[in-house]
Amino acid sequence: MGPRWKGKGAEAKALADPMSEIVSQLQSSLLQSNACASLSGCSVLLAAGTEQTELLTRACFGKPIITAEKDKQWFQLGLEEAFYLCYSLKCLKIAGEDNFVKNDLDLWLYMKLKKEKFPDFYKAYSHLRMKNWVLRPGLQYGVDFVAYRHHPSLVHSEYAVIVLSEGDTGRLRVWSDFHCTIRLCGSVAKTLLILNVDRNGHGAISPSRSERYSVEECTITRWSPEQSRDDKKASENGAKSSVDHGAGLPIVMA
């Protein structure tokens, strides 16, 4: 299932303004302003000026919060988004409730406390973000993230992403789970992408350990018997080809 662009010219706009360049501009702007966000429960709050508001929106980091302040725009960042900007891009500082900036380790431990599987989710998030995929929460589709090839205003999300950890027994462990999830993804024109995160025995005591994790990508689609059934006429006349060109699937000829 390929990208579904929103209207004429959307693909050309995306090609002319690559996500990697937008994120690089955001990184530079945050560094120059010595940006500092604040922890707020299970999210991170960041006040942005006009330039950074535009860049955060274009790069799809966080969601804007409506406030009475006119000189700045507040953004609510997810834990994975905030840590990616702080640790991977090194362009954002994050302060705790005491207004003191937290170091990488303290921030990692805080986020682990707020979200048990944060290390695996962060590894999955950073794995795709570094490949310039845009990730947004996937709760409305029953998944962890949805992945876009570019900004959501230009293209529909292409993948419904589920993150699985080693020893994870909660999801997709029986056939009925796969069946329901795949049918849901198909109904909203998305491909199910499973990201298996393997810690390789390195634990999760510090963010540096996550750099040694490995991520296995696996896409799963629904098989339709109608797309690969033998064509009666071809069978009667003696098929000359063993490939169904309409479906692109091989057929075993009796």
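**View 1. Strand 3 and strand 4 pair up at one end of an open sheet.** Three bridges hold strand 3 and strand 4 (residues 73-77) together in the antiparallel sense; two strands count as paired if DSSP finds at least two bridges between them. Helices (H or I, at least four residues) and strands (E, at least two) are DSSP runs, numbered from the N terminus. Look for I65, which sits opposite W74 in strand 4. This is a predicted model, where local features need pLDDT of at least 70 and side-chain atom pairs count only at pLDDT 80 or more, while totals for chains, interfaces and linings use all residues. Residues are numbered from 1 along each chain as its sequence is written, and side-chain values use heavy atoms, with hydrogens and water left out.

**View 2. The whole five-stranded sheet comes into the frame.** Its strands follow the order 3-4-2-1-5, with mixed pairing, and the sheet is open. Strand 3 (63-65) and strand 5 (93-95) are the edges: each has a single partner strand, so one side of each lacks a neighbour in the sheet. From one strand to the next, the twist averages 35 degrees. Angles run from 0 to 180 degrees between N-to-C directions, and axes are lines fitted to C-alpha atoms, for helices over the stretch in contact. Helix 4 packs on this sheet, touching strand 2 (43-48), strand 4 and strand 5; contact means heavy atoms within 4.5 Å. The direction of helix 4 makes about 105 degrees with that of strand 4.

**View 3. Helix 4 is wrapped up by its surroundings.** Nine of its 10 residues are buried, so helix 4 is largely enclosed by the rest of the structure. Here buried means under 20% relative accessible area, exposed over 50%, and partly exposed in between (1.4 Å probe, protein chains only). The buried set is L79, E80, E81, A82, F83, Y84, L85, C86 and Y87. After helix 4 comes K90, with a positive phi near 55 degrees.

**View 4. Zoom in on the largest nonpolar core.** A nonpolar core is a set of buried Ala, Val, Leu, Ile, Met, Phe, Trp, Tyr and Cys residues joined through side-chain atoms within 4.5 Å. This one has 64 residues, and F61, L85, I94 and M111 touch the most other members. Helix 4 (residues 79-88) gives the largest share of this core, seven residues. Leaving out residues up to four places away in sequence, L85 touches L26, L30, F61, L77, K90, C91 and L92.

**View 5. Two loop residues have a positive phi.** Most residues other than glycine have a negative phi. N34 has a positive phi near 55 degrees without being a glycine, and it belongs to the loop between helix 2 (19-32) and strand 1 (36-40). With a relative accessible area of 48%, N34 is partly exposed. C60, also not a glycine, has a positive phi of about 60 degrees and lies in the loop between helix 3 (50-59) and strand 3. At 6% relative accessibility, C60 counts as buried.

**View 6. Strand 7 has a partner in strand 6 and another in strand 8.** Strand 6 (residues 134-137) and strand 7 run antiparallel and are joined by four bridges; Y148 in strand 7 is the bridge partner of V134. Strand 7 also pairs with strand 8 in the antiparallel sense, over three bridges, and there A147 stands opposite Y159. In a regular strand the side chains alternate between the two faces of the sheet. Strand 7 (residues 145-148) is covered on both faces, with F145 and A147 buried on one side and V146 and Y148 buried on the other.

**View 7. Helix 7 has a buried face and an exposed one.** The 13 residues of helix 7 (residues 175-187) should span 18 Å at 1.5 Å a residue, and the end C-alpha atoms are indeed 18 Å apart; the expected span is 1.5 Å times one less than the number of residues. Its buried residues include T181, I182 and C185. Seen down the helix axis, the buried residues fall within an arc of 100 degrees, so they line one face; the arc is that of the directions from the helix axis to the C-beta atoms. Strand 8 (159-165), strand 9 (191-198) and strand 10 (214-220) are among the elements covering them. On the face turned away from the buried side, C180 and S187 are exposed. Just after helix 7, A189 takes a positive phi of about 55 degrees.
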